[in-house]
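Trainee: I should like to examine a structure with you, going from its annotation to its sheet and then to its ligands. May we begin?

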Amino acid sequence: MKRAIYETAARRTVLTIGNFDGVHRGHVEVLRTARALADRETARLVAVTFTKTPKAALTPEAYAGDLLTLADKEKYLRLQGVDEIIWLQPTVAQMRQSATEFLHMLQNNRHVVGVVVGENFRFGADAQGTVTTLQNYAKDAGWEVISVPLLQDGGDVVSSSEIRAAILAGEPERAATLLGRYWSIDEAVLHGDQRGRTLGFPTANMALHEDRVAPRNGVYATVARYDGTLLKGVTNVGTNPTFTDVPTRVETYFPDFSADLYGKQFRLFFVAYLRPEEKFSEVAALVAQMHNDTDRALHNLTEKLNIDMCR
Ligand SMILES: Cc1cc2nc3c(=O)[nH]c(=O)nc-3n(C[C@H](O)[C@H](O)[C@H](O)COP(=O)(O)O)c2cc1C
Ligand SMILES: Nc1ncnc2c1ncn2[C@@H]1O[C@H](COP(=O)(O)OP(=O)(O)O)[C@@H](O)[C@H]1O
């Protein structure tokens, strides 16, 4: 056991540090640079990240919610070649750690040979540490530091908060442009009110995780990855105001499909926003609208779907 710990500590390591919520196109630039440095240095690539972004812990009222669950953050980090993840908890003790203490902690933990971060990287209590702090420390420690310039998209910096704002605003296309893939959720199918089938629109229902950013209420063209295939869908995010309001759900009707999905899990990609959810005075009007939504969703997906973005 002791030997295993020693071996981990002795392994040459390149660290990349950040929140990485989204693992968006900007993060991918940082991760690619870090992977290349690790390969050059015959080192492992270790990502140091938080289980919850410090923003969520410090100012929860001003925080829109996470783009990714931790499982998804891990999945997308590993897809970029990260070998291991060190998860930090945003505890009071962790948030009070000075910038130098934070770097000491990393140095004591691994045989660090390099560190790759984004240009705007801040760390330590009150975000006092900057790339310059890191570079100064690295000179003595013998680390190579690379700070990666922030990626821009049409004049805007690609950032997790821009993507959260796009999802909140019902702009999945904009979110996808910044993310480099469609925003998605991966959840199990729950039981609803068993009403969908009586309307001719059975819907697979998912809960919205409270820690996650909530997409704007309304109807979306979506795609699900299920059982190795992609299914076209039309999804309502909302509270079903035409009937009795329920806590916000994500309900998807798959026009070209019929099977029992209860308890099954699938990844649902948000491709386009079609309209806000409405309260109809008659069920027949809702059903007519749902037919129209289905046609529009299928048309939209036929015209615009980019399968490579379903990741
Ligand atoms: C494409 C689509 C659009 C929908 N639009 C609305 C809407 O505008 N207003 C509303 O109250 N419910 C809307 N719904 C939700 C339906 O009311 C809901 O699917 C139905 O009540 C079945 O609920 P159940 O899954 O709990 O059985 C929509 C559902 C779908 C699939
Ligand atoms: N084409 C389809 N799209 C979505 N769900 C379907 C489809 N065909 C069958 N189902 C099944 O029907 C269930 C939804 O029926 P519904 O009456 O809306 O019940 P609930 O209110 O429990 O969601 C889904 O969870 C799934 O198991």
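The exchange below takes up an annotated domain, its sheet and two ligands.

Trainee: Which residues does UniProt assign to the feature "domain: Riboflavin kinase"?

Mentor: Please note that the model is a predicted one. The feature name comes from an unreviewed UniProt entry. In the model, this stretch is 18% helix and 35% strand, with its end C-alpha atoms 22 Å apart. The record places the feature at residues 178-302.

Trainee: Which strands stand at the edges of the open six-stranded sheet?

Mentor: The order of the sheet is S8-S13-S10-S11-S12-S9, and the pairing is antiparallel. Each edge strand has a single partner, so one of its sides has no neighbour in the sheet. From one strand to the next, the twist averages 35°. The edge strands are S8 (184-188) and S9 (204-207).

Trainee: Which residue of S13 is the bridge partner of Val223?

Mentor: Strand S10 covers residues 218-226 and strand S13 covers residues 265-275. The two pair in the antiparallel sense over seven bridges. Helix H9 (residues 172-179) lies across both strands and runs at about 125° to S13. The bridge partner of Val223 is Phe269.

Trainee: What percentage of the area that ligand 1 exposes when taken alone does the protein bury?

Mentor: Ligand 1 is surrounded by 24 residues, and the closest are Arg195, Thr242, Arg249, Glu251 and Glu278. Oxygen atoms of ligand 1 lie 2.8 Å from a polar backbone atom of Asp193 and 3.3 Å from one of Gln194. An N or O atom in the side chain of Arg195 is 2.6 Å from an oxygen atom of ligand 1. Taken alone, ligand 1 exposes 620 Å², and the buried share of that is 99%.

Trainee: Which residue has a backbone N or O atom 2.7 Å from a nitrogen atom of ligand 2?

Mentor: Two other contacts of ligand 2 use its oxygen atoms: a backbone N or O atom of Thr203 lies 2.8 Å from one, and a polar side-chain atom of Asn205 lies 3.5 Å from one. The contact to a nitrogen atom of ligand 2 is made by a backbone N or O atom of Phe257.

Trainee: How much of the accessible area of ligand 2 does the protein cover?

Mentor: There are 20 residues around ligand 2, and Gly192, Gln194, Arg197, Leu261 and Tyr262 come nearest. On its own, ligand 2 has 560 Å² of accessible area, of which the protein covers 94%.

Technical notes
Residues are numbered from 1 along each chain as its sequence is written. Chains are lettered from A and ligands numbered from 1 in the order in which they are written. This is a predicted model: local features need pLDDT of at least 70, side-chain atom pairs count only at pLDDT 80 or more; totals for chains, interfaces and linings use all residues. Side-chain values use heavy atoms; hydrogens and water are left out. UniProt positions are given in the numbering used here, feature names are shortened, and annotations may be inferred rather than shown by experiment. Helices (H or I, at least four residues) and strands (E, at least two) are DSSP runs, numbered from the N terminus. Two strands pair if DSSP finds at least two bridges between them. Axes are lines fitted to C-alpha atoms, for helices over the stretch in contact, and angles run from 0 to 180 degrees between N-to-C directions. Contact means heavy atoms within 4.5 Å. A residue is near a molecule or strand if one of its heavy atoms lies within 4 Å of it. A polar contact is a pair of N or O atoms within 3.5 Å; within protein, one must be able to donate a hydrogen and the other to accept it, and residues adjacent in sequence count only if both atoms are side-chain atoms. Accessible areas come from the Shrake-Rupley method with a 1.4 Å probe; for residues, only the protein chains shown count as cover.
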